[in-house]
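Some labels sound like opinions until you see the rule behind them. Take each one, ask where it comes from, and check the value.

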Amino acid sequence: MATPKNIPFDSLNLYAVLTECQPLVGGRIQDIRQPEPLTVVLEVYAQRREHYLLISADAQFARLHRVSKRPPNAPTPPPFLQSLRKHIEGGTLTQIEQIGFDRIVSLHVRTREGEYRLMVELMGKHSNIILVEPTGLVRSALKWVSPRQSEARPIRAGEPYRLPPTRVEGLLNPLTMTDDDWRTLITQMGEPRDWQAHIEGLSRFTADELEAVYRAGSVDGVVAWARRLREGAWQPVLIRDPQTRRALGAYPFPSLRFPDSWQHARTSVSLAWEQAFSER
């Protein structure tokens with residue numbers, strides 16, 4: 001086997017994490033920390049205990065998942081952290097919403113001023129965290145983007161928030177596809193199958209995984225895989241190269257592309273990713 005690449009924190013992993021984060025809805029944001037320049041952690045008190053939701057806009061390690069411990073805090077609160085504390089600390093987390101099947105999340109927070117949205121965009125070097133006012137205008141951002149940096153989508157205070165232009169319209173959302181939709185799609189694709197050209201948000205890794213599922217179980221195998229996705233029937237694994245002992249990443253399902261000996265069951269997708277990133 002060639003030197004394995006790291007597994008991306010893609011739309012599938014994000015969706016799996018968000019299903020695990022639903023118990024946080026209705027909770028109170030009682031503390032916000034910024035342990036690293038591009039990482040924010042929300043402490044949410046829900047169901048009688050604290051939960052820690054980590055959000056990173058790092059170009060290499062962009063991600064959103066729960067972590068098991070409260071992180072250290074920056075000695076001096078950066079401007080973005082000050083803004084978050086001023087406007088949404090003490091607010092109630094009312095909704096955690098993935099936009100389509102993309103790597104974009106909207107965290108809705110009800111405050112005395114109205115409902116703010118914390119927009120999380122996990123787009124590689126374009127990753128960002130943006131606080132949007134109840135009026136729909138940008139209040140603050142982890143990364144400001146000038147018109148010189150991006151003519152297509154500058155990020156400036158006081159301007160309306162717009163979704164990234166990278167989203168491709170017309171692709172199918174695997175969460176809303178029925179079994180018959182999958183069967184029809186596979187029949188129409190023919191050979192070779194280009195999953196990314198038809199299904200929204202698929203990384204190259206998950207597209208290759210889906211192809212491995214098809215080769216192992218044909219159409220019925222893909223339909224069963226898609227059903228597990230819709231039902232959130234996760235079987236999280238941490239995937240580690242046994243020779244180097246290096247964690248390659250995590251996945252919501254056991255992977256068909258790695259030997260069983262590389263895969264280690266975990267109790268949650270968030271826990272698997274927390275361990276993978278801590279080892280990286």
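The questions below go through a predicted model, from the whole chain down to single residues.

Q: What makes the radius of gyration of the chain agree with that of a compact globule?
A: The chain has 280 residues, and a compact globule of that length would have a radius of gyration near 19 Å. The chain has 19 Å, so the two agree. Along the principal axes, the C-alpha atoms fill a box of roughly 55 × 40 × 40 Å.

Q: How many helices and strands does the chain have, and what percentage of its residues is buried?
A: The chain holds 5 helices and 12 strands. Buried residues make up 51% of the 280. To count as buried, a residue needs a relative accessible area under 20%. The chain exposes about 13,600 Å², and 48% of that comes from carbon and sulfur atoms.

Q: What share of the contacts joins residues at least 24 apart in sequence?
A: Take the contacts between residues at least 6 apart in sequence. Of these, 53% join residues at least 24 apart.

Q: How many charged side chains of each sign are there, and how far apart are the centres of the two sets?
A: There are 36 positive and 32 negative side chains. The centres of the two sets lie 5 Å apart.

Q: Why is the pair of Phe9 and Trp273 called an aromatic pair, and what is its type?
A: Ring centres must lie within 6.5 Å to pair. For Phe9 and Trp273 the distance is 5.3 Å, centre to centre. Planes over 60 degrees apart count as edge-to-face. Here the angle is 75°, and the pair is edge-to-face. A search of the whole structure finds 10 aromatic pairs.

Q: Why does the pair of Phe9 and Trp273 tie together parts far apart in sequence?
A: Phe9 lies in the segment before helix H1, and Trp273 lies in helix H5, so the pair ties together parts 264 residues apart in sequence. Both Phe9 and Trp273 are buried.

Q: Why is the pair of Tyr15 and Phe101 given its own angle label, and what is that label?
A: The ring centres are 6.2 Å apart, inside the 6.5 Å limit. The planes stand at 55°. That is neither under 30 degrees nor over 60, so the pair is tilted. Tyr15 sits in helix H1, and Phe101 sits in the loop between strands E5 and E6, 86 residues away in sequence. Both residues are buried. Tyr15 and Phe101 also belong to one aromatic cluster with Trp225, Trp234 and Phe253.

Q: What makes H1 a mostly covered helix?
A: The count does: 10 of its 11 residues are buried. Among them are Leu12, Leu14, Tyr15, Val17 and Leu18. Ser11, Asn13 and Glu20 are also on the buried list.

Q: How do you know whether Gln47 and Arg48 are buried or exposed?
A: Exposed means over 50% relative accessible area. Gln47 has 62%, so Gln47 counts as exposed. Arg48 has 79%, so Arg48 counts as exposed too. Gln47 is found in the loop between strands E2 and E3, and Arg48 lies in the loop between E2 and E3.

Q: What is the phi of Gln47, and what is that of Arg48?
A: Phi of Gln47 is near 50°, a positive value in a residue other than glycine. Arg48 is not a glycine either, and its phi is about 70°.

Q: Where is Pro192, and what kind of peptide bond leads to it from Glu191?
A: Pro192 is in the loop between helix H3 and helix H4. The bond from Glu191 to Pro192 is cis, with omega near -10°.

Q: Why is Tyr116 in strand E7 put on one side of the buried or exposed divide?
A: Its relative accessibility is 2%. The cut-off for buried is under 20%, so Tyr116 counts as buried. Tyr116 touches residues including His87, Leu107, Val109 and Leu131.

Q: How do you know whether Gly249 in strand E11 is buried or exposed?
A: Gly249 has 0% relative accessibility, so it counts as buried. Gly249 is in contact with several residues, including Ile7, Leu238 and Trp273.

Notes
Residues are numbered from 1 along each chain as its sequence is written. This is a predicted model: local features need pLDDT of at least 70, side-chain atom pairs count only at pLDDT 80 or more; totals for chains, interfaces and linings use all residues. Side-chain values use heavy atoms; hydrogens and water are left out. Helices (H or I, at least four residues) and strands (E, at least two) are DSSP runs, numbered from the N terminus. The radius of gyration is taken over C-alpha atoms; the globule rule is 2.2 Å times the number of residues to the power 0.38. Buried means under 20% relative accessible area, exposed over 50%, partly exposed in between (1.4 Å probe, protein chains only). Contact means heavy atoms within 4.5 Å. Accessible areas come from the Shrake-Rupley method with a 1.4 Å probe; for residues, only the protein chains shown count as cover. Lys and Arg count as positive and Asp and Glu as negative; His and the chain ends are not counted. The place of a charge is taken as NZ of Lys, CZ of Arg, CG of Asp or CD of Glu. Rings of Phe, Tyr and Trp (its six-membered ring) pair if their centres lie within 6.5 Å; planes under 30 degrees apart count as stacked, over 60 as edge-to-face and the rest as tilted. Lists of a residue's contacts leave out its neighbours within four places in sequence.
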